[in-house]
Amino acid sequence: MSVFIESPERRTLRRAVADLGRRYGAAYFQAKARAGLPTEELWSEAGKLGYLGVNLPTEYGGGGAGISELAIVLEELGAAGSPLLMLVVSPAICGTVIARFGTEQQKQRWLPGLADGTRRMAFGITEPDAGSNSHRIATIARRDGDDWLLSGRKVFVSGIDHSDAVLFVGRTEDAATGKLKPALFVVPRDTPGFEYRPIPMELVTAERQFQVFLDEVRLPADSLVGDENAGLLQLFAGLNPERIMTAAFTLGLARQALDSAVEYARTRTVWDTPIGAHQGISHPLAQCTIEVELARLMMQKAAHLYDCGDDAAAGEAANMAKYAAGEAACRAVDQAVQTLGGNGLTQEYGLAALIAATRVARVAPVSREMVLNYVAQHTLGLPKSY
Ligand SMILES: Cc1cc2nc3c(=O)[nH]c(=O)nc-3n(C[C@H](O)[C@H](O)[C@H](O)COP(=O)(O)OP(=O)(O)OC[C@H]3O[C@@H](n4cnc5c(N)ncnc54)[C@H](O)[C@@H]3O)c2cc1C
């Protein structure tokens, strides 16, 4: 089946998730987010219906499909006004990395819970002094007998307070060269020496971001996920799905904004015709719709390449999709706000909250500039500038 024509199974999944999303919708999501509460009812119902682990292997309770299907789930929930940000992290990054590189024991311990949503895992890579430069990550894991001792700081880690554990990117020292190489560790939330504090953010979201302090956190040998010597490859097995899922999250929100704007433009009349009859309103909305659709195509291409096992091609496509989604969504939300005039900035219509929510995709999980650097160097072959 071509990537352009969705299979009947994917269409059925899309419709079913959209129905679920509509039953909760934007009013539910925003009430929870403004009260600082997680959207627990939606998470658990989506888990019971099998939507949270569609990408995970069936032998561990997942749906046996791919990132394409998980992206459908997130996009449709977002389009219905109630996105689940932790889908970007828990099944897409952590579930993927454990399914691809974890030991049998790690798979049995984590995957069934990640698949049905009864367990959640956050992901921490960003550090205060490293930021976009992940080569500068300074969270160090040293051996102590059979154990590991993990120390460092992280920032902006989403959803720790409602997660059972965090998959942290640290570094281990190469015994031969002394060089530091990336390695992934699962750290249960209640491990001594692991502390986290919320960062006050100007975002209307059900998930909060945290700064993390890891002070000689003692971890058993089997906390290391995957091979100590293949860190980067394993990391990107998780980071590409993260980029694709961020695109899905953001494009869902863009669709929600455009739907609200089109509905408003159809009925709001201040002269003799609905405002949607003025091309000053309809053309920008049409333009945004085209841009969102183009970004969706790129996201679907990236997901398809990833699901086919072409990690290298998926890397380029996932970067491009994340970039395109961030740009298209920011423009779409801005135009939606403009379409509603003053109502675009009321809590009742909830569009102003989407300005910040979609803006995130220009910064995270990899910034717009770092994607442009990647394309300039790897796609165009231009010299590295930094
Ligand atoms: C809502 C939200 C949720 C997040 N959730 C998580 C999470 O769950 N886990 C996690 O680990 N992280 C998370 N992050 C962090 C996110 O991934 C980082 O914010 C992002 O990678 C950028 O890093 P930084 O903020 O340190 O920016 P910096 O790296 O300091 O960059 C600042 C600016 O400088 C630009 N810049 C830097 N280097 C270059 C260069 N070489 N060329 C051109 N421009 C450059 C950047 O593009 C950017 O515009 C989250 C962030 C947000 C906002």
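**The ligand shell and two helical features**

In this predicted model, the ligand is surrounded by 21 residues, and the closest of these are G131, S132, F156, S367 and E369. Several elements build this shell: β1 (121-124), β3 (147-158) and α10 (368-379) each supply at least two of its residues. Viewed by domain, the shell takes at least three residues from domain 2 (122-228) and at least three from domain 3 (232-379). In character, the shell residues comprise 12 nonpolar, 8 polar and 1 charged.

Attention may now turn to how helices pack. Two packed helices are described by the angle between their axes and the distance between the axes. Helix α1 (residues 8-34) packs with helix α3 (residues 67-79) at an angle of about 35 degrees, and their axes lie 8 Å apart. The crossing of these two helices, α1 and α3, is right-handed. On the α1 side, R10, L13, R14, V17, A18 and G21 make the contact, while α3 contributes E69, I72, V73, E76, L77 and A79. Sorted by class, the contact of α1 with α3 holds 7 nonpolar residues, 1 polar residue and 4 charged residues.

A further helix, α7 (residues 279-307), allows a check on its length. This helix has 29 residues, and at 1.5 Å a residue it should therefore span 42 Å. The C-alpha atoms at its two ends are 41 Å apart, which agrees with that expectation. After α7 comes G309, a residue whose phi is positive, near 90 degrees.

Conventions: Residues numbered from 1 in each chain as written. Predicted model: local features only at pLDDT ≥ 70, side-chain atom pairs only at ≥ 80, totals over all residues. Near = placed C-beta within 6 Å. Helix = DSSP H or I, 4+ residues; strand = E, 2+ residues; numbered from the N terminus. Nonpolar A, V, L, I, M, F, W, Y, C, P; charged D, E, K, R; others polar. Domains from an automatic or database assignment. Axes fitted to C-alpha atoms, helices over the stretch in contact; angles between N-to-C directions. Left-handed = near helix turned anticlockwise from the far one by under 90°. Contact = placed C-beta atoms within 7 Å. Expected span 1.5 Å × (residues − 1).
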